[in-house]
There are 2 protein chains.
Amino acid sequence: MLTSRDWAEAALDAIGQRGVEGVAVEPIARDLGVTKGSFYWHFANREALLVAALQLWEARETDDVLERVRQETDPRARIQRLITEVNASRRASRIHTALSSATKPGFVRDYVERVSKRRLDFIQDCYAGLGLGAETARRWALMTFSVFLGALQIRRDLPGEWPAADEPAFGDYVKFLMVTLVPPGLDGDDAATTDAAPAGAAARDG
Amino acid sequence: MLTSRDWAEAALDAIGQRGVEGVAVEPIARDLGVTKGSFYWHFANREALLVAALQLWEARETDDVLERVRQETDPRARIQRLITEVNASRRASRIHTALSSATKPGFVRDYVERVSKRRLDFIQDCYAGLGLGAETARRWALMTFSVFLGALQIRRDLPGEWPAADEPAFGDYVKFLMVTLVPPGLDGDDAATTDAAPAGAAARDG
DNA sequence: GCGGTTCCATACGGCGCCGTATTGACACGG
DNA sequence: CCGTGTCAATACGGCGCCGTATGGAACCGC
């Protein structure tokens, strides 16, 4: 007794493990312990399954994640929360990179683009909340977003280099990132409305 | 009259356009204007073609790229050169992300890991050349490498957000990154041998 | 108990790809 | 000429997947 949502969830698993091209009806049916006779009752074809999986993914990676992050009120805390959220689920990371590198079918790109844009806009809002102008906030957001995405890839390509969310070194590294990615002196009480360009870090002991 | 290198090059194209799973003998043969009768003279099977393509890729993305970057002597200039090199070829970017997200066959991961590690080590050396200790240099290198990889993905997922290497805005953005990613005050003549932690950017007009 | 609906199994045709076997065209040294 | 090596075309069997067609079991209201 499966629902179409069960199929969509299994399809997301398949995306994370074998990529978008690996979303095949018969293998997924085997994983679920049924035959494809079940599948073609719930869905018209393979493409409909992909759409369902993508909708599930988009809802989770925009509304749900951003809703949780919005519980933090301080812009600085929001950015830090985003870093930990992104690093929390290894499954979500794999799905993201798989979707991001997919080329076929074409509509996958639309979902990826919407999710990425909403994330980037959110980060930009965080920086705007620190008092930066739109243009400067966009630049900082692009760099911070790059670090997010790059971290996903490093955890994939160089396991062990990037600390996992449950390791003690993770906290240290987040602190390191925060100091660099969030320009101080913009906490809202001073320099609240001026644009700011990065001036780098002063050399001192670590 | 094809050589096995022609096939490996076409396989790399296929990886960039259709992913690792898209490296199929017969379609590539059609692209090259021959039949697979030619292919199975040059290679034992599909896997051998993948290995040849990966060897070609590894040579280009480590020895060749790093050799060009090493022409710069100043560590700061090297990092900046790396940014522009990474953003130079859209084809190389697509190949990299495709390989990075590949799961099957397993040996692909070995190539990706070696290439990533050599790049990361190179960046770490650059920071060490600025006078940072090994541990701190590693942290900076991880962040800078993340920005590299994230930039590739942003250019894919959000076309238009990240300026291309031939646009005028590209230079501005590189400067912005350099100021943030390379802590000043470590140019070699002062504070040359002390570890440094990031202290962020001071607020000033952009 | 009977028709209808829900959910799944089975069987089938078709397609794209892999890998092998066989043959053919062409160059070259003897 | 002839043999040999090089490179490619053709033909074939097999496999995994898609999508359809059909059947069947369980459950429902009546």
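Okay, a definition before we start: when I say a residue is near a DNA strand, I'm saying one of its heavy atoms lies within 4 Å of that strand. And keep in mind that what you see here is a predicted model.

So, which element gives the most to the surface near DNA strand D? That's α3(B), with 5 residues. Two elements of chain A also give two or more residues each, namely α2 (25–32) and α3 (36–42), alongside α3 (36–42) of chain B.

Let's go down to residues. There are 19 of them around strand D, and the ones that come nearest are V25(A) and K36(A) from one chain, plus T35(B), S38(B) and W41(B) from the other. Looking at the DNA side, sugar and phosphate make up 54% of the strand D atoms that come within 4 Å of the protein.

What does the protein side look like, by residue class? We get 9 nonpolar, 5 polar and 5 charged residues on that surface.

Now for some individual phosphate contacts. V25(A) has a backbone N or O atom 2.8 Å from a phosphate oxygen of strand D. For Y40(A), a polar side-chain atom sits 3.0 Å from a phosphate oxygen of that strand. Over on chain B, M1(B) places a backbone N or O atom 3.1 Å from a strand D phosphate oxygen.

Last thing, the annotation. UniProt, in an unreviewed entry, puts a "DNA-binding region" at residues 24–43 of chain A. In our model that span is 75% helix and 0% strand, and its end C-alpha atoms are 13 Å apart.

Notes
Residues numbered from 1 in each chain as written. Chains lettered and ligands numbered in written order. Predicted model: local features only at pLDDT ≥ 70, side-chain atom pairs only at ≥ 80, totals over all residues. Heavy atoms only, no water. UniProt positions renumbered as here; feature names shortened; annotations may be inferred. Helix = DSSP H or I, 4+ residues; strand = E, 2+ residues; numbered from the N terminus. Polar contact = N/O pair within 3.5 Å; in protein donor to acceptor, adjacent residues only side chain to side chain. Nonpolar A, V, L, I, M, F, W, Y, C, P; charged D, E, K, R; others polar.
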